[in-house]
Amino acid sequence: MEKNFLEPLSAGEEVIFTCKSFGSHPRAHIRWCLDGQSVTSKDVVAENGNLTISYHQRRSSSQDDGKTLECIVTNPNIPSFILKQTYTISVHCK
């Protein structure tokens with residue numbers, strides 16, 4: 001199930017978080033961090049290189065509750081320019 005950064009999760013739910021970057025030249029670099037530690041992701045780049053979409057997939061658990069998930073976007077030509085989207089994970093247990 002694809003989630004945005006506003007919805008609470010249910011424990012045991014398989015979720016995919018999505019982060020998009022438009023208009024970066026060269027293409028944006030996107031990475032994901034959970035409580036400051038890099039986590040795996042998959043990037044898809046549009047044919048013209050103008051759109052980069054990154055996906056982070058995980059199975060939520062009660063241990064994720066309160067952790068911070070960040071999507072961090074950078075352009076290799078402008079290292080000081082960083083865009084972040086931060087989500088504090090809320091996990092509801094059954």
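**Exercise 1. Find the aromatic pairs and describe how they connect the chain.**

*Solution.* Step one is the search: the whole structure holds 2 aromatic pairs. Here rings of Phe, Tyr and Trp (its six-membered ring) pair if their centres lie within 6.5 Å; planes under 30 degrees apart count as stacked, over 60 as edge-to-face and the rest as tilted. A word on what you are looking at: this is a predicted model, in which local features need pLDDT of at least 70 and side-chain atom pairs count only at pLDDT 80 or more, while totals for chains, interfaces and linings use all residues. Residues are numbered from 1 along each chain as its sequence is written, and side-chain values use heavy atoms, with hydrogens and water left out.

Step two, take Phe17 and Trp32: their pair is tilted, with 6.5 Å centre to centre and 50° between the planes. The partners come from distant parts of the chain, Phe17 from strand β3 (residues 14-22) and Trp32 from strand β4, 15 residues apart. Strands (E, at least two residues) are DSSP runs, numbered from the N terminus, as are helices (H or I, at least four).

Step three, turn to Phe17 and Tyr87, a tilted pair at 5.6 Å centre to centre and 50° between the planes. Because Phe17 lies in strand β3 and Tyr87 in strand β9, this pair ties together parts that are 70 residues apart in sequence.

Step four, join the pairs: Phe17, Trp32 and Tyr87 are linked into a cluster. Phe17 and Trp32 are both buried, and so is Tyr87. Buried means under 20% relative accessible area, exposed over 50%, partly exposed in between (1.4 Å probe, protein chains only).

**Exercise 2. Work out how strand β8 sits among its neighbours.**

*Solution.* Begin with burial: 6 of the 8 residues of β8 (residues 68-75) are buried, so the strand is largely enclosed by the rest of the structure.

Next, look at one partner. Strand β4 (residues 29-34) pairs with β8 in the antiparallel sense over 6 bridges; two strands pair if DSSP finds at least two bridges between them. Trp32 has Cys71 in β8 as its bridge partner.

Then look at β9 (residues 78-88), which pairs with β8 in the antiparallel sense over 8 bridges. Ile72 stands opposite Lys84 in β9. Finally, β8 and β9 form a hairpin, with 2 residues between them.

**Exercise 3. Place the annotated domain on the model.**

*Solution.* First, read the record: an unreviewed UniProt entry annotates residues 12-90 as "domain: Ig-like". Such annotations may be inferred rather than shown by experiment; feature names are shortened, and positions follow the numbering used here.

Second, check that span: residues 12-90 are 0% helix and 63% strand, and their end C-alpha atoms lie 13 Å apart.
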